[in-house]
Amino acid sequence: SASASSTITAASPGASSICNIYYVSPAGGGTGLTKASPTDLMTAIGLTTCSNAIIKMQVGTYNFSNRIDVGSYLTIEGGYNAAFTSKTSDMSSGGSTRIVRSSAPDGGAGTMVTTFNIAPSATGFRLQDLRIEMPVEPAGSQLTNYGIKLGTGCTSYNIVRCYVDAGQ
């Protein structure tokens, strides 16, 4: 009677995948794939094709004139120093990851002014250590501010240590 034998070799882990971590700074300009080459927030969000992507944002001021669309399984976390070696949860305007929204309506039309627009039925997303500042709308403008606008049916999400100044 012959006996069967086989040799099983586990594949070695290759270079660690960077498809799920992106680095962002107020100045942007880099690829976002390494700490030494941070990109801007909108480019990083466009790169988040992997599940459970993490965007690490440096402390500083980020100005936006349109909404930031966020989907499922995305973490946007602020408070990192310039080298991305330490982080803070400071929510003071000078020591935080500060996201400032202009008073321009979403998409240039309508009555909503939104910073983070979470997609309907989004799940598993996380916003952490962010200071969101909405504009003070002129009297009679008919505009409505949304620091974080959740789509219907969102589940299993976390909004952690975020400060939202609703403006007016």
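Two residues are in contact here when heavy atoms of theirs come within 4.5 Å. Keep that in mind as we walk through this structure, which is a predicted model.

Let's try the idea out on N117. This residue sits in strand β7, which covers residues 112-118. Leaving out residues up to four places away in sequence, N117 touches R67, I68, D69, V70 and K149. Is N117 buried or exposed? Its relative accessible area is 17%, and anything under 20% counts as buried, so N117 is buried.

## The whole chain

Time to zoom out. The chain holds one helix and twelve strands. Reading from the N terminus, the order is β-α-β-β-β-β-β-β-β-β-β-β-β. Of the 168 residues in the chain, 38% are buried. The chain exposes about 8800 Å², and carbon and sulfur atoms supply 52% of that area.

How much of the contact list joins residues at least 24 apart? Among contacts between residues at least 6 apart in sequence, the share is 66%.

## The nonpolar core

In soluble globular proteins, nonpolar side chains tend to be buried together. In this model, the largest nonpolar core has 26 residues, and L41, I55, M57, I76 and F116 are the ones that touch the most other members. The elements giving two or more residues to this core are β1 (21-24), α1 (41-47), β2 (53-58), β3 (60-64), β4 (68-70), β5 and β7.

I55 makes a nice example. Apart from neighbours within four places in sequence, I55 is in contact with Y22, V24, L41, A44, I45, T48, L74, T75, I76 and E77.

## Rings and charges

Which kinds of ring pairing turn up? The structure holds three aromatic pairs. Y80 and F84 form a tilted one, with 6.1 Å from centre to centre and 40° between the planes. Y80 counts as buried at 9% relative accessibility, and F84 counts as buried at 5%. Another pair is F125 with Y157: the ring centres are 4.9 Å apart and the planes are at 5°, so this pair is stacked. That pair links distant parts of the chain, since F125 is in the loop between β7 and β8 (126-128), while Y157 is in the loop between β10 (144-150) and β11 (158-160), 32 residues apart. The two partners sit in different surroundings: F125 counts as buried at 1% relative accessibility, whereas Y157 is partly exposed at 33%.

Ring pairs also link Y23, Y80 and F84 into a cluster. Y80 has a charged visitor as well. Here are two charged ends that sit over rings:

| Charged residue | Ring | Distance to ring centre |
|---|---|---|
| K87 | Y80 | 5.4 Å |
| K149 | Y146 | 5.9 Å |

You have met K149 before: it is among the residues that N117 touches.

## Around Q58 and N81

Now for a spot where polar side chains meet the backbone. Q58 is in strand β2. With a relative accessible area of 11%, Q58 is buried. Not counting residues up to four places away in sequence, Q58 touches V24, S25, P26, P38, Y80, N81, A82, F84 and T97. Notice that Y80 and F84, the tilted pair, are both in that list. A polar atom of the Q58 side chain lies 3.0 Å from the backbone oxygen of A82.

N81 is in the loop between β5 (74-80) and β6 (97-101). Its relative accessible area is 27%, so N81 is partly exposed. Leaving aside residues up to four places away in sequence, N81 touches Q58 and S86. A polar atom of its side chain lies 2.8 Å from the backbone nitrogen of T85. The C-alpha atoms of N81 and K56 are separated by 10.0 Å, with their places 25 residues apart along the chain.

## Out at P120

Last stop: P120, in the loop between β7 and β8. Is P120 buried or exposed? P120 has a relative accessible area of 58%, and over 50% counts as exposed, so P120 is exposed. Where does P120 find its contacts? Setting aside neighbours within four places in sequence, P120 is in contact with G151 and T152. P120 and G151 are 31 residues apart in sequence, but 3.9 Å apart in space, C-alpha to C-alpha.

How values were computed:
Residues numbered from 1 in each chain as written. Predicted model: local features only at pLDDT ≥ 70, side-chain atom pairs only at ≥ 80, totals over all residues. Heavy atoms only, no water. Helix = DSSP H or I, 4+ residues; strand = E, 2+ residues; numbered from the N terminus. Buried < 20%, exposed > 50% of the residue type's maximum accessible area, 1.4 Å probe, protein only. Polar contact = N/O pair within 3.5 Å; in protein donor to acceptor, adjacent residues only side chain to side chain. Core = buried A, V, L, I, M, F, W, Y, C linked by side-chain atoms within 4.5 Å. Phe/Tyr/Trp six-rings, centres within 6.5 Å; stacked < 30°, edge-to-face > 60°. Lys NZ or Arg CZ within 6 Å of the ring centre and 35° of its normal. Areas by Shrake-Rupley, 256 points an atom, 1.4 Å probe, with all protein chains shown as cover.
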